[in-house]
Amino acid sequence: MSSPLSLVWFRRDLRLHDHAALATALAGEGTVQPVFVFDTEILARFRNPADRRLSFIMRTLVNLHRALAQRGGGLLVLHGNPRDVLPKLAAVLKAQAIYSAEDFEPATRARDAAVKAQYNGRFVQVVDHLLKAPYEVLKDDKTPLKVFTPYYKRWRAALHETDYAEYVVKDRDRYADFATVQAAARNAGLDVIDLDQPVEAALTCIGYEYFDDPIWQPAQAEALLRDFVAEKVTDYPTQRDFMGSPGTSRLGPYLRHGLISIRECLRAASDAPNSATWIKELCWREFYAMIMYHWPEVVDHEFQPHYRGTLPWTRDEAVRRVMEEATTGYPIVDAALRELTSTGWMHNRARMIVASFFTKHLLMDWRVGEEYFAQHLMDYELASNNGGWQWSASTGTDAQPYFRVFNPVLQSRKFDPVGSYIRHYLPELAALSDKEVHWPHDSLLCPTGYPKPIVDHQAARARAINVFKEAALKQLL
Ligand SMILES: Cc1cc2nc3c(=O)[nH]c(=O)nc-3n(C[C@H](O)[C@H](O)[C@H](O)COP(=O)(O)OP(=O)(O)OC[C@H]3O[C@@H](n4cnc5c(N)ncnc54)[C@H](O)[C@@H]3O)c2cc1C
């Protein structure tokens with residue numbers, strides 16, 4: 001390779017527009033080679049051989065590769081541990097720099113540090129995934145905030161147009177010769193995944209099967225954002241909690257994998273009327289990333305120290321099976337669990353109801369629920385999922401007070417008033433009236449196969465409040 005070459009390591013920024021790492025690399029000298037690594041340590045956590053997320057990612061990579069080919073380049077996809085394969089690739093190609101977007105999760109920070117340590121060139125990281133990095137919004141004394149509202153106020157005040165200005169990608173004639181790069185990588189013994197073959201075959205190369213997903217389409221991201229901002233963002237404050245009608249953006253999976261950038265979301269929303277509530281929700285994502293960055297122990301432990309080791313959580317297999325089989329006997333909870341397994345997504349209100357039910361009514365360890373969601377959610381994001389579960393379990397920062405135990409039937413009546421969500425995911429209850437569908441057990445039309453309620457709400461509520469009180473007392477003694 002004659003002119004200097006830089007690698008751009010694509011991770012959760014799977015797009016070619018408004019791309020901080022790519023734009024920054026292109027602003028430098030020489031040619032650029034985009035790379036993606038199917039990290040074998042991460043893949044080990046994907047237990048479903050036909051995981052819809054891997055098909056989604058592979059389809060996205062193929063699209064990127066084709067788009068890059070039209071611009072004179074290509075996407076190099078490797079399979080292996082980035083700690084080994086990236087420094088090796090960089091050495092083979094004599095890359096002067098590796099550019100990537102900063103990742104704020106504890107494990108990925110450690111991985112990036114290891115790659116940097118193994119590599120002799122410049123390792124450049126830029127902020128892309130968030131509008132404000134976790135170390136940017138702090139209290140006056142430079143310590144991090146623990147509560148959302150003051151964080152949000154500071155975040156909002158600190159947010160300037162420059163934070164969400166587009167990173168323009170000027171890539172004309174700037175990519176390395178892809179055939180040469182790919183051949184060099186192969187000759188060095190790296191496991192290169194060929195994106196010119198069918199997606200199914202590419203997935204086989206990493207040990208997975210294709211999942212033909214009718215719901216989540218990589219090409220949809222831009223249109224979803226456009227339509228949401230044009231048609232729904234104004235009513236978001238009043239509609240977002242209703243599970244039976246699509247009042248939220250459903251952009252989570254696209255944001256998670258970076259098919260759209262957080263900056264374009266903010267640009268689009270800033271131009272729309274009444275978008276403050278939605279922007280505030282985007283801030284929750286930044287808040288939980290910030291919490292995990294400053295308190296990495298929350299990955300495995302309760303954020304509130306007085307709840308560490310003091311609550312009688314159960315990790316009983318039978319309880320987890322109830323979650324898997326959606327057989328709580330509470331229609332709103334069972335419908336939500338079916339939504340998750342059949343679509344790879346769950347409405348936010350439903351996530352709150354499910355997480356509350358399992359952690360409070362059944363005292364299931366929030367880590368079990370967190371892990372279960374991690375296996376299924378298309379938008380699975382460690383910090384947000386952990387934050388959501390700990391919020392519901394009352395162990396997190398800013399959490400739901402322990403004495404607030406959602407009544408699933410009241411939640412159901414309020415946020416699925418005509419039962420359309422329940423009927424959609426539990427068609428066996430479709431014949432019940434709008435009133436009965438939330439609690440079918442007293443109706444003659446209740447199908448015999450529908451499970452009896454696993455717990456009595458009042459008794460479970462009293463037990464939950466009691467164990468939390470006792471845990472707080474233990475701390476005082
Ligand atoms: C138990 C539990 C687990 C959760 N797990 C995840 C997860 O793994 N990944 C994830 O992105 N969100 C998670 N959330 C937050 C929220 O449920 C989803 O972000 C939201 O449902 C995604 O739908 P949407 O794209 O239509 O969101 P919208 O309502 O349109 O919001 C837009 C975006 O803002 C962000 N956002 C909104 N609400 C939250 C929130 N409370 N916390 C963090 N970010 C938020 C998301 O990126 C979302 O896509 C969880 C919430 C709970 C209660």
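These legends describe close-up views of the ligand site in a predicted model.

**View 1. The ligand sits in the largest pocket.**
Taken alone, the ligand exposes 810 Å². The protein buries 95% of that area. Four elements each give two or more residues to the surrounding shell: α11 (252-256), α13 (276-294), α16 (348-361) and α18 (382-392).

**View 2. The shell around the ligand holds 27 residues.**
Y236, T248, S249, R250 and N348 are the closest. By class, the shell divides into 14 nonpolar, seven polar and six charged residues. Helix α13 supplies the largest share, with six residues.

**View 3. Side chains of E281 and N385 face nitrogen atoms of the ligand at 3.0 Å.**
For E281, an N or O atom of the side chain lies 3.0 Å from a ligand nitrogen. For N385, the side chain likewise places an N or O atom 3.0 Å from a nitrogen atom of the ligand.

**View 4. The backbone of L251 approaches a ligand oxygen.**
A polar backbone atom of L251 is 3.1 Å from an oxygen atom of the ligand. Here the contact comes from the backbone, whereas E281 uses a side-chain atom.

**View 5. The ligand lies between domain 2 and domain 3.**
Why is the ligand placed between these domains? Both domain 2 (130-166 + 215-294) and domain 3 (305-476) give residues to the shell, so the ligand lies between them.

Definitions and conventions: Residues are numbered from 1 along each chain as its sequence is written. This is a predicted model: local features need pLDDT of at least 70, side-chain atom pairs count only at pLDDT 80 or more; totals for chains, interfaces and linings use all residues. Side-chain values use heavy atoms; hydrogens and water are left out. A residue is near a molecule or strand if one of its heavy atoms lies within 4 Å of it. A polar contact is a pair of N or O atoms within 3.5 Å; within protein, one must be able to donate a hydrogen and the other to accept it, and residues adjacent in sequence count only if both atoms are side-chain atoms. Accessible areas come from the Shrake-Rupley method with a 1.4 Å probe; for residues, only the protein chains shown count as cover. On a 1 Å grid over the protein atoms alone, a cavity is a set of points where a 1.4 Å probe fits but cannot get out, and a pocket is an open set with protein on both sides within 12 Å along at least five of seven lines; lining residues have an atom within 4 Å of a point. A molecule sits in a cavity or pocket if more than half of its atoms lie within 2 Å of its grid points. Ala, Val, Leu, Ile, Met, Phe, Trp, Tyr, Cys and Pro count as nonpolar, Asp, Glu, Lys and Arg as charged, and the others, Gly among them, as polar. Domain bounds come from an automatic or database domain assignment.
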